[in-house]
Amino acid sequence: MNNESYLNMELLRFTTAGSVDDGKSTLIGRLLYDSKSIFIDQLEAITKISNRKGLDHIDLSLLTDGLKDEREQGITIDVAYRYFATPKRKFIIADTPGHIQYTRNMVTGASTANVALILIDARKGVIEQTYRHSFIASLLQIPHLIVCVNKMDLVDFDEKVFNDIVSVYENFASKLDVKDIRFIPISALQGDNVVNRSENTNWYQGSTLMHTLENMHIGSDQNHLDPRFSVQTIIRPHTTSYHDFRSYAGRIDGGIFRKGEEVLVLPSGLKNTIKSIFYGNTEITEAFPPMSVSMTLTDEIDISRGDIIVKQNNQPEVSQDVEVMFCWLNENPLNLSGKYFLKHTTNGVRAVFKEIVYKIDMKTITRNETDKEIFTNDIFRAKIRTTKPLLFDTYRKNRNTGSLILVDEVTNETLAAGMIV
Amino acid sequence: MSIVYPKYNYMNNYLLKHLKELESESIYIIREVFAQFDNPAILFSGGKDSIVLTHLAIKAFWPAKIPFPLVHIDTGHNFPETITYRDWMINQIGAKLIVGYVQNSIDTGRTKEETGSNASRNALQTITLLDTISEHQLDACMGGARRDEEKARAKERVFSHRDEFGQWNPKNQRPELWNLFNGKKLVGEHFRVFPISNWTEMDIWQYILAEKIEIPSLYFSHKREVIHRNGSILATSPYITVRNDETVTKKTVRYRTCGDMTITGAIESTASTVEEIINEVAASRITERGSREDDKRSETSMEDRKKQGYF
């Protein structure tokens with residue numbers, strides 16, 4: 001591929017969710033294989049293992065098994081990242097395991113995804129796991145869901161089986177906070193409707209999975225409305241040619257910033273004007289998410305890491321009391337009287353829990369307001385108080401300024417992922 | 001390193017193109033490392049990935065110089081072209097260079113040279129690396145590893161925690177969500193950080209082309225005396241013992257990775273420009289590490305080395 005068309009490709013990140021044995025690894029293997037993203041030495045390695053296991057076909061799922069323990073046990077333990085590209089887009093797959101630790105891993109994989117692939121075994125239909133995975137995708141505000149009804153070959157590519165699953169799922173999905181849901185009948189094992197259109201599903205008029213991934217609109221997945229710029233670090237060259245140069249480096253969290261615009265620096269509340277915006281050493285006139293830029297301002301004021309640059313007429317919320325949907329990731333249960341280190345944008349504060357509002361019963365996807373013991377993989381809503389005010393947006397409005405993590409002050413482990421409500 | 005920033009269309013309707021998105025992500029990570037750690041460094045091998053990483057670090061802090069040193073672990077078995085390039089580049093960018101010598105680790109009895117005709121200093125680097133980290137009290141070492149390189153790397157975090165022995169525990173990695181990287185650690189522990197985790201080999205080459213980044217001459221086609229061993233083409237050098245059944249021939253080759261002379265296999269190639277390399281990579285059906293002897297030792301050799309503190 002020539003340089004120019006390569007530079008024109010877009011990036012799409014997706015995550016895959018499914019329960020054990022519904023063919024997730026085979027589907028990823030199929031996408032890699034049919035898009036010719038597999039190399040001969042990788043193919044030889046998995047052919048060798050398939051033969052050793054006495055299989056009569058090449059087990060494509062072996063392509064995605066990473067660590068020694070996983071290969072020995074035939075299961076996936078941790079989120080693995082895979083890459084493939086077509087002439088149109090480059091894809092990053094966050095491949096998350098379907099069983100143990102599924103919540104923790106799926107939340108991790110989902111946090112940066114544009115799209116979630118939900119796999120359903122056509123023979124089993126919509127099951128408890130399907131609801132859980134879809135709920136997590138909705139909770140993490142993944143903009144697009146693709147429901148792949150897999151193993152269609154095992155139900156004779158029966159249109160009715162597919163339609164029944166779609167209608168059960170749609171009934172449930174009306175309660176989800178997801179705007180774009182699509183359904184595709186596939187066979188990952190045989191390749192039907194994955195990359196190539198299937199002869200076996202003439203009743204299906206929609207796109208193949210690959211075509212959908214390549215063409216779905218992702219231009220609106222970032223927030224372009226509410227200007228937010230969290231300062232990461234200050235650049236001061238101290239050289240003769242840039243003697244008094246001082247720029248504020250960071251990544252645009254939301255909205256569009258333009259040279260010459262008046263801005264507001266928080267928490268100081270001081271007004272200022274954007275003098276210049278740099279991308280690398282190139283001066284640009286406007287910046288938008290997720291660009292990493294540096295900005296100079298006309299007035300010299302005291303700005304440090306953790307400050308946020310916004311617009312006067314569009315400011316984030318400011319509070320020490322925040323309500324958050326959490327996913328508890330750590331193996332040890334939540335200690336309500338504990339103090340936690342909280343990371344939010346480029347800011348760090350300490351936080352305590354004031355109240356557990358409810359916990360989600362993952363079997364029924366309903367609120368449980370009586371059981372407030374929080375263990376690993378629990379999803380719950382809580383009120384917290386921080387030592388300093390947070391400058392935030394709701395997670396629904398902006399994934400960058402609405403997300404946070406809790407860190408253990410003793411072990412330094414990442415304990416929980418939080419989405420501000 | 002020449003710093004030329006070509007103007008190409010990096011966006012369309014406020015959607016960043018994929019290489020620019022990767023570039024922005026990497027710059028964000030590099031700046032996070034600078035902000036969260038006291039004493040970070042770049043692990044510089046002289047290979048294309050650490051060259052791209054260094055290029056991104058230049059962009060991250062422009063117009064200031066890179067505010068941390070580059071660390072090179074010199075096995076003593078490097079290609080001379082790599083060292084020439086390293087010294088030229090350091091001079092260009094005005095960064096500080098720290099060199100850790102594997103030979104010193106051998107001389108002081110910290111490690112022992114492997115013997116036999118397959119001997120390599122690849123595994124010995126780990127000791128020298130960990131010694132260099134503790135000598136200079138580095139608390140975060142950025143490396144150019146990519147997740148598409150090898151199966152054990154596919155599960156590595158961007159901020160990868162190492163215990164006080166420098167070891168990686170793949171089963172106890174911190175979850176990594178959104179852009180919130182947790183670099184908190186106890187005294188004596190350190191981090192390995194991989195800012196270009198999400199880049200593929202093709203991304204690296206296309207970026208080198210687009211940004212006109214200079215790379216060592218090894219990557220381009222040249223004539224060299226080689227032997228064939230275990231399906232690899234290895235360069236003859238003072239560090240390799242030619243066996244009786246092996247014959248030395250002169251071939252037109254180039255390298256896809258820059259490791260030690262003893263283990264890095266060449267490929268027969270006439271590609272002499274970055275464009276030609278890209279065409280070759282696009283047509284290639286073998287992974288770049290497929291010609292690395294160190295990965296062939298066992299199916300899990302990378303995973304085993306990483307657990308002990310390898311790059």
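Reader: Before we start, what counts as a polar contact here?

Author: A polar contact is a pair of N or O atoms within 3.5 Å; within protein, one must be able to donate a hydrogen and the other to accept it. Residues adjacent in sequence count only if both atoms are side-chain atoms. Keep in mind that this is a predicted model.

Reader: Great. How many residue pairs are in polar contact across the interface of chain B and chain A?

Author: The rule finds 30 such pairs, with both residues at pLDDT 80 or more.

Reader: And how many salt bridges across that interface?

Author: Four, by the rule used. B:Glu32, for instance, forms a salt bridge with A:Arg305, and their closest N and O atoms are 2.8 Å apart.

Reader: Nice. Which elements of chain B supply the side that touches chain A?

Author: β2 (15-16), α1, α2, α6 (201-211) and α9 (301-308) of chain B each give at least two residues. The largest share, 15 residues, comes from α1(B).

Reader: What is the make-up of that side, nonpolar, polar and charged?

Author: On chain B, the residues touching chain A split into 34 nonpolar, 14 polar and 24 charged.

Reader: How much area do the two chains bury between them?

Author: About 7400 Å², with 57% of it on carbon and sulfur atoms. B:Tyr14, B:Lys155 and B:Trp178 supply 13% of the area that chain B buries against chain A, more than any other three residues. In terms of contacts, 72 residues of chain B meet 90 residues of chain A.

Reader: Switching to the fold: what is the strand order in the open sheet of chain B?

Author: The six strands run β5-β4-β3-β6-β8-β7 in chain B, and the pairing is mixed.

Reader: Why is one side of β5 and of β7 left without a neighbour in the sheet?

Author: β5 (97-101) and β7 (159-162) of chain B stand at the edges and each has a single partner strand, so one side of each has no neighbour in the sheet. On average, neighbouring strands of this sheet are turned by 30° against each other, direction ignored.

Reader: In what sense do β7(B) and β8 pair?

Author: Antiparallel, over four bridges, with β8 of chain B covering residues 190-193. One of the partnerships joins B:Arg162 to B:His190 in β8(B).

Reader: Last one: which strands do helices α1 and α2 touch?

Author: Helix α1 (residues 18-36) of chain B packs on the sheet and touches β3 (40-43), β6 (140-142), β7 and β8 of chain B. Its direction makes about 40° with that of β7(B). Helix α2 (residues 48-61) of chain B also packs on the sheet, touching β3, β4 (70-74) and β6 of chain B, and its direction makes about 145° with that of β3(B).

Conventions:
Residues are numbered from 1 along each chain as its sequence is written. Chains are lettered from A and ligands numbered from 1 in the order in which they are written. This is a predicted model: local features need pLDDT of at least 70, side-chain atom pairs count only at pLDDT 80 or more; totals for chains, interfaces and linings use all residues. Side-chain values use heavy atoms; hydrogens and water are left out. Two strands pair if DSSP finds at least two bridges between them. Axes are lines fitted to C-alpha atoms, for helices over the stretch in contact, and angles run from 0 to 180 degrees between N-to-C directions. Contact means heavy atoms within 4.5 Å. Buried area is the accessible area (1.4 Å probe) that two parts lose on being put together, summed over both. A salt bridge is a side-chain nitrogen of Lys or Arg within 4 Å of a carboxyl oxygen of Asp or Glu. Ala, Val, Leu, Ile, Met, Phe, Trp, Tyr, Cys and Pro count as nonpolar, Asp, Glu, Lys and Arg as charged, and the others, Gly among them, as polar.
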